[in-house]
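Here's a quick briefing for anyone opening this model for the first time. Have a look at the sequence and structure, then read on.

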Amino acid sequence: MPYISCLGKVCLYYFLIFHQTSKMIPENLRIIIADDDVDDQSLLTDALIANGIGREMIVLVSNGEELSGIVHGYSKFPSIIFLDLNMPKKNGLKVLAEIKGDPNLKHMPVLIFTTSTSPVDIASCYELGANTYFTKPFSYSDLISLVQTIKTYWFEMGVLPRSIFSR
Amino acid sequence: MQTKILLIDDREDNLLSIEAILEPKGYHFVKAQSGKEALRILLKEYDFSLILMDVKMPNLNGFDTASLIYQRDKLRHIPIIFITANNFGDENLFKGYESGAVDYLYKPINPDVLRAKVSVFVELYEKTQKLQQQEKKLTATNLRLEKEIKERKDSEEKVHKLNQQLLKNIEHLEAVNKELDHFAFMASHDLQEPLRKIRLFANKFLVTNKELRSNQKLNDIERIEQAAERMQYLIRDILTIAKVSTHSSDFVPTEMNILIDDILAEMQEEIKDKHAKVIVDKIPLLHVHPGLISVLFRNLIGNALKFAREGVSPVISIHAEVSPYQKSSEGFICQIFVRDNGIGFDQKFAEKIFGMFTRLHPDAQIKGTGLGLALCRKIAEHHKGSIAARSQVNEGTTFVLSLPRQSVIKKPKKPSLANNKVRE
């Protein structure tokens, strides 16, 4: 992993993680799931756990307002947000716009996780700065492999950012 | 009809001589020997063309008789010739009563004058009668015409009202249809969520309890999963059907050959698996909704592959027939034929197959929701066109898509598409 060497302090951090878990998932990684549907919350949680993610890393909120309330507290962690679009109180698009419009939050990757296949939704999400748009799979094995791909891409191969402003 | 003349004279010889003078004219005579008798006759018979009456008669003289005759409306039109003695100046006596149709003859009677006068009066009378009849006829015709006009107006109003009602009904039906579509859309949309959960949890159960899979028997959870999957396809297709009417009716000129080639490229694996041959002739540029028309052709081609005869490689041919619109240059009518050599079906099912959830082959081997052709029909109707099927068992099926009048599109000069493209 030659690219780690150029990351300065992070290099050490990753080095430690590497030794601790033999995978490269940062231990203070936080995965925020914003979904009003408890079934979907639990399915995604289980799929994450099945992929070796610790339960303590998973944060559940059930609407946009709740997400707005807690998201600032997580900006200092390497974190990623699974965002459902169709939610009561404040819908996904609104929170997405808020997060991507906030200089303290916009670095946080937001993965849209919704049942909508509407081209309009897809386009507006990317326009607002969503990092990837996923439609919820129809089978659990698909969900598992989707989570696996996300894990490999974002947590193992990619490097998650942390806020350099707050704290 | 024979002309009837009433002769009134108290002296029979006079009656006879008048009769003798007028006889060659072929009149029919009724004779009366007194005013009284004449009045009695006139109670029953009105159809006299002329009355010839002696003025000088005992009891009731000619003038009194005439005034009694003319009191009756029915008789007022009968002209009277009074026969009077020359020297009395009687002609002025009846003035008060005359209506123009009164004349005088002087004794001794000159046969020529009598004949002339009588014939003039008879002629006048007959003409008047004819005129009256004509008038009556005209009035009747007029009445009939007026009645007819009124009837026509009434029926026109009725038709107008019916039309109005029909338009209202159509509007209502369209609204109901839209509502139904909306309902189907909402229902199927909302049904999708719980169904997705069923599939997910059933599948999760299988994934997390892998040991069940070793069981050779298809276990119950797997059946749940499969049933849910099938239901999901159904709902997806209902949603697609419900959504057709929400698509725009602004059609765009579409290169049908490119559109079909794209579909064939998408389906090439299926086509290859079935060793199918697809022949596509040149199809003109058409105004359609490309997204919907693609769905339609994908369904028709998919069906042709699905219902292939065992041991016979499917051959699917697509061609168009173009005819001028009402012999004018204002456009053309286009029919597209999709023919296969598959298992076909009895022609009596040709309409039924376009119904929702219709499956002629309940064979589990052949997958389908029974909604594909219903969707095709809905798409054809969205284009204000129609779709029909011709088939025969074991002879293959031809689907005919008829599109409404197409305006001629001036084509940009482009290198022409390869005609008769064969994909194998």
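Four salt bridges are counted between chain A and chain B. Keep in mind that this is a predicted model. The notes below start with where the two chains meet and then turn to one helix of chain A.

**Charged and polar links**
- In one of the salt bridges, D46(A) pairs up with K204(B), and their closest N and O atoms sit 2.2 Å apart.
- Six residue pairs are in polar contact across the interface of chain A and chain B, both partners being at pLDDT 80 or more.
- On the side of chain A that touches chain B, α2 (38–50) and α6 (140–157) each chip in at least two residues, and α2(A) gives the most, with five.
- That side of chain A breaks down into five nonpolar, four polar and five charged residues.

**How much is buried between the chains**
- 14 residues of chain A are in contact with eleven residues of chain B.
- Together the two chains bury about 1200 Å², with 61% of it on carbon and sulfur atoms.
- L43(A), F138(A) and Y140(A) supply 52% of the area that chain A buries against chain B, more than any other three residues.

**Helix α4 of chain A**
- In α4 (residues 92–101), the buried residues are G92(A), V95(A), L96(A), I99(A) and K100(A).
- These residues share the same side of α4(A), because they cover an arc of only 125° around the axis.
- K94(A) and G101(A), on the other side of α4(A), are exposed.
- The cover over the buried residues of α4(A) includes α3 (64–71), β3 (79–83), β4 (110–114) and α5 (119–128) of chain A.
- At the N-terminal end, N91(A) caps α4(A), with a side-chain oxygen 3.1 Å from the backbone nitrogen of L93(A).

Conventions: Residues numbered from 1 in each chain as written. Chains lettered and ligands numbered in written order. Predicted model: local features only at pLDDT ≥ 70, side-chain atom pairs only at ≥ 80, totals over all residues. Heavy atoms only, no water. Contact = heavy atoms within 4.5 Å. Buried area = accessible area lost by both parts, 1.4 Å probe. Salt bridge = Lys/Arg side-chain N within 4 Å of Asp/Glu carboxyl O. Polar contact = N/O pair within 3.5 Å; in protein donor to acceptor, adjacent residues only side chain to side chain. Helix = DSSP H or I, 4+ residues; strand = E, 2+ residues; numbered from the N terminus. Nonpolar A, V, L, I, M, F, W, Y, C, P; charged D, E, K, R; others polar. Buried < 20%, exposed > 50% of the residue type's maximum accessible area, 1.4 Å probe, protein only. Arc of directions from axis to C-beta.
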